[in-house]
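Colleague: I am new to this structure and would like to understand how its descriptions are justified. Could you take me through some of them?

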Amino acid sequence: MIHSSNDDQKTTLENIQSHPVLEEISNLLLVVQKNATFELLTHRYVGSRPTSLEYQLLDRYDGDNESFIYGRDLFLDKGTNLLGKTFRVACFHLVPWIIMRQGNNGVFKYLNQAYTVDGLDGYLLTQFCLRYNCTWELHVDQKNQYGNVFDNGTGNGMFGALLDRKVDFAMGAVGGYYGTFKYFSLSDVIQWIGVTCLVPKPGLVPNWQLIYIIFSTSVWITLGAIFITVSICLHIFKSTTIPRTNQGFSWILLKVLRTFVLTSADIPTNTAAEVTTVTALLMFTIIIGNVYIGKIHSILAIPPYEAPIATVLDLAKAGIQVNAPHAAWMYALDLSENEKDKTILKNFHVPTIERFTDITDGGQEATMVGLLENGHIMVGNWINARNVELYRIMSEPLYFEYEAGYATKTWPLLDHFNYLAAQIRDACLLRYIELLEVDRYMDHFVQVSIEHSWDRPHSALKDMNVEEISGALMLLGMGCAVSLVIFILELVYHSNDVVIFPVLTYFLGAYTMCRVMNRTEKAINVPISEIPIAIVQIQHGMVETIDLGCSVFWIEEDALFRFLEDFFKIHDAARFRCSTKYFMVMVQSNDVDHMEVIGSILKYPALNDMPNFLMITPSNETFKLGTHRFVGNFPESSEYILLDEYSIERNTFVHRNNLFPDKLSDLMGKTLKAASFYLVPWFMMRQEDDGIITFRNQSYTADGSDGFFMIQFCLRYNCTWELHIDDRYLYGQVFENGTGNGMFGALLDRKVDFAIGGVGAYFSMFKYFSLSKPIRWAAVSCLTAKPRY
């Protein structure tokens, strides 16, 4: 709005007209007051200077009548016909995107000469000016190409010219990069562009490696372990049955080695253990030897190649240098946190064009190429018919992006360009242009060679895995196991002075056993020195022992009551979970005090979590082995049950009963405590006398998916549930001070044994509770407000 007098108005209008920013503004409206009327002016914008700066009268506004006189549009679309207006565009020669050649098509000018621009982007630029009646003045920086924008606000190349406003627009097969977005405006997506690499073709495996690559590393390690193990076994068998001779361990090693290379060897076979071992060894080596011979024959017939570089992971692992003509080829990966991308960026290099040609002729490094949307490959002239046969294209792209045009943040024609580009894209005209430009400007032989670079015959080497010799390993294992049994029987036949306490043999080799004592130096009155068992003091180290996986506890009587008192606290502090544990205690008091001690043991609440609790009491020449009933409710669940007796004289169990019977298959109505709350459709309670669920001394049944699970559990195992419900806090939470509320708080305070109710496995709760295996899938989403018209 200009209110000044006539002379001042003219001066103001001239100052506005001469300002360079008018070239960046198409929708300018000047309101000039003329007494009771207002003139509404704009500048022409279209055409070239000075015509584009001329003022146009759009309309007049009558202040008395409060109406427009002509009723014209105040913001005309000046972009539909630009009357030959010249815009500046930055690009560079890039096949098949921008190909400049001298020729007057009335659209492009460069260094005061008329040019024609072909290529995918050249076609868009040409059609833009034909559509909107304008011309392009080219700005070309072939040396810096895309260029860079530096931290000090300067730049070079295509981006630098746009940053310095030497041009209005820039394009040339460039994607929308996060690092440049804060400086420029980006057009809408034009087309898809992928980037991959031409990598060296795999060569033949060196001949000296052939004898080693027949088997994988795991097979060679297995064979080495078998060789050493068998040699040691034969040496032990030999030294325990015949007098020592000058045929030592090295002699055994040589004999075993001869069997591995399928030559005859006089291995000693004086005992049944040696005969069994040697038989198994001979069968094993015959199978392995013939497999090795067959594989070496096939490899010699069809020479193997090295592993190809086919994927991005392969490229990162190969560690070879990756070359491109400009750093912009890696802009898309600059901010990537992927370790593969970081490795490739570390190996990225931008050589000079002269050096690039030498590198590609060598065929030892990777070269980045572009993937066009319709199947062709964008390669520089450094890849030619002479060196293209040295390369193979990767089977997956390094990355892909979508091409965009770059403009200054104030260029008013960007929407018009987006509209035209969308029409051309949707009409699939770029597919036709790609076919045309690739055929016109690119080497057809190179395109075909790259496309069929994977069609070359290739014999992939498949190394042998351990699974492929599982049959031979099984024969060898069976033979070694039989020989071990025979060897043990031979030792027993000659010496029967070794006695292993029978109870601990229940767990030998299958469980981790721990002996809990008050003082570790205290001796035990049963011979268990031959059993591998960890010694731990009750005063310290219990938590660490459980975390190491201990699931069988041999508890000394003097440490028993401390162990029972701390049972809950110790397991709550430990991280290792093992739902099946075994507990054994030797009550060494005299006969009068046995039952009194057992009675004191049975009063501890911890026994409700110990179904496998074995109490051993000496009685004259026998040991009595008993347990508590566990099933049913108190006091029946605390009753003492005699399981068996062990005769020291006969060194055997009297009744041969199971010392750890399965008490959980029939709980005989035992009441278990569970926490839940009303949650549709997971858990819904209704009063009904089904005898399974009780809440506040009344009988209930439960519906819902979790309710059904609880009902079926007690029907299956003959138990009842006593419910704990907190309708206020529902799931509740666990606080940092070790307290809690709701369902989780009840479980933390051991008010209940179990909790269920549409709850997932949360990491923060894992350190407090044991989690069941997954029951069912559940997801969480949101209901949001519908959009309003």
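Colleague: What makes you say that residues of helix 2 meet residues of helix 11?

Modeller: In this predicted model, contact means heavy atoms within 4.5 Å, and by that rule Tyr123, Leu124, Gln127, Phe128, Arg131 and Tyr132 in helix 2 meet His416, Phe417, Tyr419, Leu420, Ala421, Gln423 and Ile424 in helix 11. The residues of this contact divide into nine nonpolar, three polar and one charged, where Ala, Val, Leu, Ile, Met, Phe, Trp, Tyr, Cys and Pro count as nonpolar, Asp, Glu, Lys and Arg as charged, and the others, Gly among them, as polar. Local features need pLDDT of at least 70 and side-chain atom pairs count only at pLDDT 80 or more, while totals for chains, interfaces and linings use all residues. Residues are numbered from 1 along each chain as its sequence is written, and side-chain values use heavy atoms, with hydrogens and water left out.

Colleague: What is the angle at which helix 2 and helix 11 pack?

Modeller: Helix 2 (residues 120–132) and helix 11 (residues 414–426) pack at about 115°, with their axes 10 Å apart; the axes are lines fitted to C-alpha atoms, for helices over the stretch in contact, and angles run from 0 to 180 degrees between N-to-C directions. Helices here are DSSP runs (H or I, at least four residues), as are strands (E, at least two), numbered from the N terminus.

Colleague: How does the reach of helix 6 from its first C-alpha to its last fit what is expected?

Modeller: The expected span is 1.5 Å times one less than the number of residues, and helix 6 (residues 249–260), with twelve residues, reaches 17 Å, close to the 16 Å expected. Its buried residues (under 20% relative accessible area, with a 1.4 Å probe and protein chains only) are Trp251, Ile252, Lys255, Val256, Thr259 and Phe260.

Colleague: Why is Asn697 called exposed or buried?

Modeller: Exposed means over 50% relative accessible area, so Asn697, at 82% relative accessibility, counts as exposed. Asn697 lies in the loop between strand 30 (693–695) and strand 31 (698–703), and its phi is near 65°, a positive value in a residue other than glycine.

Colleague: And why does Arg750 count as it does at 33% relative accessibility?

Modeller: Partly exposed lies between the two cut-offs, and Arg750 therefore counts as partly exposed at 33%. Arg750 also has a positive phi, of about 60°, although it is not a glycine. Most residues other than glycine have a negative phi.
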